[in-house]
Structures are given as C-alpha cells and as structure tokens.
Amino acid sequence: MTNNENAAQMHTHTPRLNFAKAAPKAFKAVIGLDAAARDGLDPALVELIQIRASLLNGCAYCLHMHTSDARKAGEDEARLHMVGVWREARNFFTEKEQAALDLTEAVTLVHQGGVPDDVYARAAAQFDETELGHVLALIFTINTWNRIALSTAKIAGEDER
C-alpha cells in the first residue's frame, strides 16, 4: 500500500468528536489563550504564523480558515502563495516576519532538535519581550488548534466559528 493510500484510509473526512461540546472548559481555555496571544500583534503577522504552522502540520481545516481570514483582511495573494517557501521568497516578507516564520517552524517541529539558539536570537532581536511572548503563545495555540482539527477530522472549508 502506498503512502497516499494509507493517508486516504486514515482520513475518511467524517467528523469525529465535537471537541467544543465534549470538553467545553478546555475548548474555552484554548480560545482564551488564542485571544490573549493575538493581543498587540499585527493581524497580518498572526495569519502568517498560523498559515505556516498549519502547512507544517498538514492541517487543511486551519490552513483554509487562516488563508481565508488573511484574504478578508487584505493580505496580498502573492504573499499567501509564498508562505510555504518563504526562505526562497524572502523578498515577500519583512525581517520581522521572517524571524517569526523561522521561530514558527522551530517550535512547530520542536521534535527535530528543539529551538536553535540562532533562531530564538533572531526572533528576540525583532520583537520586544512582550511581543515575543505573544508570538510564542500564538505558535503554541495554532499548534493546539491544528491538533484538535486533525484528531477530530475537521473538514476543510467548513469554518465552524
């Protein structure tokens, strides 16, 4: 059986548990963390971070939601297409955005060697301590949302907010 056949078997696209109803206190806590994380951050940066983490985690539900939100907020279509290859398309992103995308990758893929000192230092040079705390909290939150959506088989295109 190929990897694509295995993936097709794993993802039936039939929703599973309704996490919000099954664990309402936990769901509300994640919503609270999400709101607190965003506080004071540039909305465009928020969406870029959420898009990059969702791409890395393979979360179609969140990727669709956050690219749609970014478009509604006026994000440039070309930049949205470049998020997945931002290292090769640095001219589309500011130094601050690049530092955030780099940190997003390191934290999202933390199992591949932790968060390298140079990646952390680059982000710390671009964000003050409060902003950096919020960027980290946002990365933690989108990774949590990705895991909720993937494990409960949320269907891309069905924004349930």
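Helices here are DSSP runs of H or I with at least four residues, strands are E runs of at least two, and both are numbered from the N terminus. By that count, the chain has nine helices and zero strands. This is a predicted model, where local features need pLDDT of at least 70, side-chain atom pairs count only at pLDDT 80 or more, and totals for chains, interfaces and linings use all residues. Residue numbers start from 1 along each chain as its sequence is written, and side-chain values use heavy atoms, with hydrogens and water left out.

**The chain overall**

- Read from the N terminus, the elements go α-α-α-α-α-α-α-α-α.
- The chain has 161 residues, and 39% of them count as buried (under 20% relative accessible area; exposed is over 50% and partly exposed is in between, with a 1.4 Å probe and protein chains only).
- Take the contacts (heavy atoms within 4.5 Å) with a separation of 6 or more: 67% of them are between residues 24 or more positions apart.
- Accessible surface adds up to about 9000 Å², and carbon and sulfur atoms hold 57% of that (Shrake-Rupley method, 1.4 Å probe; for residues, only the protein chains shown count as cover).

**Around R79**

- R79 sits in helix 6, which covers residues 77-82.
- With a relative accessible area of 13%, R79 is buried.
- Its side chain makes a polar contact of 2.6 Å with the side chain of E75 (a pair of N or O atoms within 3.5 Å; within protein, one must be able to donate a hydrogen and the other to accept it, and residues adjacent in sequence count only if both atoms are side-chain atoms).
- Leaving aside residues up to four places away in sequence, R79 touches L48, F92, F93 and E97.
- R79 and F92 are 13 residues apart along the chain, and their C-alpha atoms are 6.0 Å apart.

**The aromatic cluster**

- The whole structure yields two aromatic pairs (Phe, Tyr and Trp rings, the six-membered one for Trp, with centres within 6.5 Å; planes under 30 degrees apart are stacked, over 60 edge-to-face, the rest tilted).
- F19 and F27 have ring centres 6.3 Å apart and planes at 70°, so this pair is edge-to-face.
- F27 also pairs edge-to-face with W145, at 5.5 Å centre to centre and 70° between the planes.
- That second pair links distant parts of the chain, 118 residues apart: F27 is in helix 3 (residues 24-38) and W145 in helix 9 (residues 129-151).
- F27 is partly exposed at 25% relative accessibility, while W145 is buried at 16%.
- Put together, F19, F27 and W145 make one aromatic cluster.
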